[in-house]
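Visitor: I would like to go through this model with you and ask, at each step, what justifies the terms in use.

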Amino acid sequence: MEIVPVPQLSDNYAYLLIDAETGKGAVVDCAEAAPVLAGVRRHAMRLTAVLGTHHHFDHVGGNTDLLAAVPDLRVYGSADDAPRIPGITHRLRDGDTVEVGSARGRVIMIPAHTSGHVAYYFPDEGVVFTGDTLFAGGCGRLFEGDAAQMMASLARLAALPDDTRVYCGHEYTEKNLRFAATLEPGNRALQGKLAAVESLRRANRPTVPSTIGEEKATNPFLRTDSAELAASVRTRRPDLPAGDRVALFAAVRQLKDRF
Ligand SMILES: [Zn+2]
(Lines give C-alpha, C1' and ligand atoms only; values in the text may rest on other atoms or scores of the structure.)
Protein backbone atom coordinates (compact mmCIF):
# COMPACT_ATOMS: atom_id res chain seq x y z
CA MET A 1 0.00 0.00 0.00
CA GLU A 2 1.45 3.32 -1.06
CA ILE A 3 0.84 6.28 1.28
CA VAL A 4 0.91 9.84 -0.06
CA PRO A 5 0.60 12.86 2.27
CA VAL A 6 -1.62 15.62 0.83
CA PRO A 7 -1.15 18.98 2.59
CA GLN A 8 -4.46 20.58 3.65
CA LEU A 9 -5.21 24.07 5.00
CA SER A 10 -2.20 25.54 6.83
CA ASP A 11 -0.69 22.49 8.54
CA ASN A 12 -3.05 19.49 8.15
CA TYR A 13 -2.31 16.27 6.30
CA ALA A 14 -4.76 14.11 4.43
CA TYR A 15 -3.29 10.78 3.29
CA LEU A 16 -3.98 8.91 0.11
CA LEU A 17 -3.76 5.12 0.57
CA ILE A 18 -3.25 3.31 -2.71
CA ASP A 19 -3.52 -0.47 -2.98
CA ALA A 20 -1.09 -1.43 -5.75
CA GLU A 21 -2.86 -4.77 -6.40
CA THR A 22 -6.26 -3.30 -7.24
CA GLY A 23 -5.63 0.40 -7.94
CA LYS A 24 -8.29 1.15 -5.36
CA GLY A 25 -7.61 3.55 -2.58
CA ALA A 26 -8.84 5.67 0.28
CA VAL A 27 -8.19 9.02 1.85
CA VAL A 28 -7.61 9.43 5.58
CA ASP A 29 -9.26 12.72 6.65
CA CYS A 30 -10.18 15.39 4.14
CA ALA A 31 -10.41 19.08 4.95
CA GLU A 32 -10.35 20.21 1.31
CA ALA A 33 -11.54 18.04 -1.55
CA ALA A 34 -9.72 19.75 -4.45
CA PRO A 35 -6.13 18.81 -3.51
CA VAL A 36 -7.27 15.28 -2.61
CA LEU A 37 -9.04 14.83 -5.96
CA ALA A 38 -5.99 16.22 -7.77
CA GLY A 39 -3.88 13.58 -5.99
CA VAL A 40 -6.37 10.86 -6.95
CA ARG A 41 -6.04 11.86 -10.62
CA ARG A 42 -2.26 12.15 -10.47
CA HIS A 43 -1.94 8.63 -9.08
CA ALA A 44 -4.59 7.19 -11.41
CA MET A 45 -6.26 5.50 -8.45
CA ARG A 46 -9.93 4.72 -7.86
CA LEU A 47 -11.06 6.44 -4.65
CA THR A 48 -13.43 4.10 -2.81
CA ALA A 49 -13.39 5.23 0.82
CA VAL A 50 -12.87 8.07 3.27
CA LEU A 51 -11.43 7.12 6.67
CA GLY A 52 -12.33 9.87 9.12
CA THR A 53 -10.40 9.98 12.40
CA HIS A 54 -12.64 12.53 14.18
CA HIS A 55 -15.28 15.14 13.57
CA HIS A 56 -13.25 18.38 13.54
CA PHE A 57 -13.77 20.47 10.39
CA ASP A 58 -10.10 20.29 9.44
CA HIS A 59 -10.50 16.49 9.14
CA VAL A 60 -13.99 16.09 7.62
CA GLY A 61 -14.70 19.50 6.02
CA GLY A 62 -14.08 18.14 2.50
CA ASN A 63 -16.38 15.10 2.78
CA THR A 64 -19.42 16.70 1.14
CA ASP A 65 -17.42 17.93 -1.86
CA LEU A 66 -15.72 14.53 -2.19
CA LEU A 67 -19.10 12.78 -2.21
CA ALA A 68 -20.35 15.17 -4.88
CA ALA A 69 -17.39 14.16 -7.07
CA VAL A 70 -17.43 10.43 -6.17
CA PRO A 71 -21.01 9.58 -5.15
CA ASP A 72 -20.49 5.89 -4.21
CA LEU A 73 -17.75 6.55 -1.65
CA ARG A 74 -17.81 4.68 1.63
CA VAL A 75 -17.37 7.20 4.45
CA TYR A 76 -16.07 5.61 7.65
CA GLY A 77 -16.14 7.26 11.06
CA SER A 78 -16.79 6.54 14.70
CA ALA A 79 -20.38 5.55 15.53
CA ASP A 80 -20.11 7.88 18.53
CA ASP A 81 -19.34 10.81 16.22
CA ALA A 82 -21.76 9.87 13.43
CA PRO A 83 -23.99 12.97 13.67
CA ARG A 84 -20.92 15.18 13.40
CA ILE A 85 -19.28 13.46 10.37
CA PRO A 86 -20.75 14.68 7.06
CA GLY A 87 -21.78 11.89 4.69
CA ILE A 88 -20.94 9.01 7.04
CA THR A 89 -22.03 5.63 5.63
CA HIS A 90 -20.15 3.18 7.92
CA ARG A 91 -20.38 3.66 11.71
CA LEU A 92 -17.38 2.11 13.42
CA ARG A 93 -16.80 0.49 16.80
CA ASP A 94 -13.55 -0.60 18.39
CA GLY A 95 -12.08 -3.62 16.59
CA ASP A 96 -14.07 -3.13 13.37
CA THR A 97 -12.35 -3.63 10.01
CA VAL A 98 -12.07 -1.16 7.12
CA GLU A 99 -11.20 -2.17 3.54
CA VAL A 100 -8.82 -0.33 1.23
CA GLY A 101 -8.66 -2.48 -1.88
CA SER A 102 -7.13 -5.74 -0.64
CA ALA A 103 -5.68 -4.14 2.52
CA ARG A 104 -7.44 -4.44 5.87
CA GLY A 105 -7.31 -1.86 8.65
CA ARG A 106 -8.40 -2.25 12.24
CA VAL A 107 -10.25 0.43 14.17
CA ILE A 108 -8.78 1.42 17.53
CA MET A 109 -10.92 3.71 19.68
CA ILE A 110 -8.71 6.44 21.15
CA PRO A 111 -10.99 9.04 22.76
CA ALA A 112 -9.95 12.26 24.59
CA HIS A 113 -9.17 14.86 21.87
CA THR A 114 -12.76 14.11 20.85
CA SER A 115 -15.06 11.55 22.46
CA GLY A 116 -15.30 9.48 19.26
CA HIS A 117 -11.72 9.67 17.96
CA VAL A 118 -10.45 6.55 16.16
CA ALA A 119 -7.12 5.34 14.77
CA TYR A 120 -6.78 3.08 11.72
CA TYR A 121 -4.12 0.38 12.10
CA PHE A 122 -3.02 -1.74 9.14
CA PRO A 123 -1.05 -4.60 10.73
CA ASP A 124 0.13 -6.18 7.47
CA GLU A 125 1.43 -2.81 6.26
CA GLY A 126 2.79 -1.77 9.68
CA VAL A 127 1.14 1.66 9.60
CA VAL A 128 -1.24 3.54 11.88
CA PHE A 129 -3.15 6.77 11.23
CA THR A 130 -3.52 8.61 14.53
CA GLY A 131 -5.36 11.83 13.62
CA ASP A 132 -5.10 14.41 16.40
CA THR A 133 -4.46 11.94 19.24
CA LEU A 134 -0.80 10.96 18.81
CA PHE A 135 1.32 13.53 17.00
CA ALA A 136 5.00 13.14 16.25
CA GLY A 137 6.44 14.54 19.48
CA GLY A 138 3.10 15.43 21.03
CA CYS A 139 -0.58 14.71 21.54
CA GLY A 140 -3.88 16.43 20.84
CA ARG A 141 -5.58 18.90 23.16
CA LEU A 142 -8.10 17.52 25.63
CA PHE A 143 -11.31 18.92 24.14
CA GLU A 144 -13.71 16.08 25.02
CA GLY A 145 -11.78 13.95 27.51
CA ASP A 146 -9.37 14.17 30.42
CA ALA A 147 -5.71 13.36 31.04
CA ALA A 148 -6.38 9.80 32.24
CA GLN A 149 -8.43 9.04 29.12
CA MET A 150 -5.73 10.46 26.81
CA MET A 151 -3.06 8.42 28.60
CA ALA A 152 -5.13 5.26 28.08
CA SER A 153 -5.64 6.08 24.39
CA LEU A 154 -1.94 6.79 23.86
CA ALA A 155 -1.06 3.56 25.70
CA ARG A 156 -3.08 1.57 23.16
CA LEU A 157 -1.04 3.13 20.34
CA ALA A 158 2.25 2.71 22.21
CA ALA A 159 1.48 -1.02 22.49
CA LEU A 160 1.76 -1.42 18.70
CA PRO A 161 5.08 -2.80 17.38
CA ASP A 162 7.97 -0.32 17.59
CA ASP A 163 8.52 -0.28 13.83
CA THR A 164 4.88 0.73 13.11
CA ARG A 165 4.93 3.88 11.02
CA VAL A 166 2.85 6.72 12.49
CA TYR A 167 0.96 9.14 10.24
CA CYS A 168 -0.65 11.96 12.22
CA GLY A 169 -3.05 14.78 11.37
CA HIS A 170 -0.83 17.86 11.56
CA GLU A 171 2.71 19.05 10.84
CA TYR A 172 3.40 20.08 14.44
CA THR A 173 6.55 18.02 14.96
CA GLU A 174 9.20 20.75 15.16
CA LYS A 175 7.35 22.82 17.76
CA ASN A 176 6.41 19.68 19.68
CA LEU A 177 10.02 18.54 19.91
CA ARG A 178 11.26 22.02 20.91
CA PHE A 179 8.83 21.85 23.82
CA ALA A 180 9.91 18.27 24.62
CA ALA A 181 13.57 19.39 24.72
CA THR A 182 12.74 21.93 27.47
CA LEU A 183 11.63 19.00 29.66
CA GLU A 184 14.32 16.45 28.72
CA PRO A 185 17.44 18.33 27.59
CA GLY A 186 19.48 15.20 28.38
CA ASN A 187 17.48 12.91 26.07
CA ARG A 188 19.87 12.18 23.21
CA ALA A 189 17.28 10.42 21.05
CA LEU A 190 15.16 13.57 21.34
CA GLN A 191 18.06 15.90 20.45
CA GLY A 192 18.89 13.74 17.42
CA LYS A 193 15.32 13.66 16.21
CA LEU A 194 14.90 17.42 16.71
CA ALA A 195 17.99 18.07 14.55
CA ALA A 196 16.67 15.74 11.82
CA VAL A 197 13.22 17.36 11.92
CA GLU A 198 14.67 20.89 11.73
CA SER A 199 16.59 19.93 8.62
CA LEU A 200 13.48 18.35 7.02
CA ARG A 201 11.45 21.50 7.70
CA ARG A 202 14.19 23.76 6.32
CA ALA A 203 13.82 21.73 3.10
CA ASN A 204 10.02 22.12 3.39
CA ARG A 205 9.59 18.36 3.65
CA PRO A 206 7.05 16.48 5.82
CA THR A 207 8.26 15.01 9.12
CA VAL A 208 5.82 12.08 8.83
CA PRO A 209 5.94 9.20 9.22
CA SER A 210 7.38 8.76 12.67
CA THR A 211 7.42 5.33 14.30
CA ILE A 212 6.01 4.03 17.57
CA GLY A 213 9.57 3.30 18.71
CA GLU A 214 10.69 6.89 18.00
CA GLU A 215 7.65 8.25 19.80
CA LYS A 216 8.32 6.16 22.89
CA ALA A 217 11.89 7.54 22.90
CA THR A 218 11.07 11.22 22.27
CA ASN A 219 7.41 12.12 22.92
CA PRO A 220 6.94 13.63 26.39
CA PHE A 221 3.34 12.38 26.50
CA LEU A 222 4.65 8.81 26.30
CA ARG A 223 7.46 9.48 28.76
CA THR A 224 5.83 10.11 32.12
CA ASP A 225 8.17 7.38 33.45
CA SER A 226 11.21 9.59 32.69
CA ALA A 227 12.89 10.85 35.90
CA GLU A 228 14.35 13.85 34.04
CA LEU A 229 10.93 14.82 32.68
CA ALA A 230 9.31 14.48 36.11
CA ALA A 231 12.05 16.59 37.73
CA SER A 232 11.72 19.31 35.03
CA VAL A 233 7.98 19.55 35.53
CA ARG A 234 8.40 19.63 39.30
CA THR A 235 10.63 22.73 39.10
CA ARG A 236 7.70 24.52 37.45
CA ARG A 237 4.98 22.80 39.50
CA PRO A 238 6.42 22.22 42.99
CA ASP A 239 2.95 21.25 44.24
CA LEU A 240 2.77 18.22 41.91
CA PRO A 241 1.92 15.07 43.94
CA ALA A 242 4.84 12.61 43.91
CA GLY A 243 4.39 9.43 41.89
CA ASP A 244 1.07 10.50 40.33
CA ARG A 245 1.54 9.77 36.60
CA VAL A 246 -1.84 11.20 35.60
CA ALA A 247 -1.14 14.48 37.41
CA LEU A 248 2.29 14.61 35.74
CA PHE A 249 0.73 13.99 32.33
CA ALA A 250 -1.88 16.71 32.96
CA ALA A 251 0.87 19.14 33.99
CA VAL A 252 2.85 18.40 30.79
CA ARG A 253 -0.31 18.99 28.74
CA GLN A 254 -0.93 22.32 30.50
CA LEU A 255 2.69 23.43 30.00
CA LYS A 256 2.41 22.54 26.30
CA ASP A 257 -0.85 24.48 25.96
CA ARG A 258 1.09 27.63 26.97
CA PHE A 259 4.33 26.91 25.07
ZN1 LIG B 1 -8.89 17.78 15.93
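Visitor: What do β2 and β3 form, and how many residues lie between them?

Guide: In this predicted model, β2 and β3 form a hairpin with five residues between them, and G23 in that turn has a positive phi of about 75°. The two strands run antiparallel and are joined by four bridges, and since strands count as paired when there are at least two bridges between them, β2 and β3 meet the criterion. One of the bridges sets L16 opposite V27 in β3.

Visitor: What makes β1 and β2 a pair?

Guide: Seven bridges join β1 (residues 2–8) to β2, against a requirement of at least two, and the strands run antiparallel. Among the facing residues, P5 stands opposite Y15, while I3 has L17 as its bridge partner. These strands also form a hairpin, with three residues between them, and L9 in the turn has a positive phi of about 50°.

Visitor: Why is β2 described as largely enclosed by the rest of the structure?

Guide: A residue is called buried if 20 or more other C-beta atoms lie within 10 Å of its own, and seven of the seven residues of β2 (residues 12–18) are buried, so the strand is largely enclosed by the rest of the structure. In a regular strand the side chains alternate between the two faces of the sheet. Here N12, A14, L16 and I18 point one way and Y13, Y15 and L17 the other way, and all are buried.

Visitor: What makes β1 and β6 edge strands?

Guide: Six strands form an open sheet of mixed pairing, in the order β1-β2-β3-β4-β5-β6. β1 and β6 (90–92) each have a single partner strand, so one side of each is left without a neighbour in the sheet. The twist from one strand to the next averages 25°.

Visitor: Why are α5 and α6 called roughly antiparallel?

Guide: The axes of α5 (residues 173–183) and α6 (residues 188–202) come within 10 Å and cross at roughly 150°. Angles over 145 degrees count as roughly antiparallel, which is why α5 is described as roughly antiparallel to α6. The crossing is left-handed.

Visitor: Which residues of α5 and α6 meet?

Guide: T173, E174, L177, R178, A180 and A181 in α5 meet residues of α6 including L190, L194 and V197. The residues of this contact divide into six nonpolar, two polar and five charged.

Terms used. Residues numbered from 1 in each chain as written. Predicted model: local features only at pLDDT ≥ 70, side-chain atom pairs only at ≥ 80, totals over all residues. Buried ≥ 20, exposed ≤ 12 C-beta atoms within 10 Å, placed from the backbone. Axes fitted to C-alpha atoms, helices over the stretch in contact; angles between N-to-C directions. Parallel < 35°, antiparallel > 145°, perpendicular 65-115°, else oblique. Left-handed = near helix turned anticlockwise from the far one by under 90°. Contact = placed C-beta atoms within 7 Å. Nonpolar A, V, L, I, M, F, W, Y, C, P; charged D, E, K, R; others polar.
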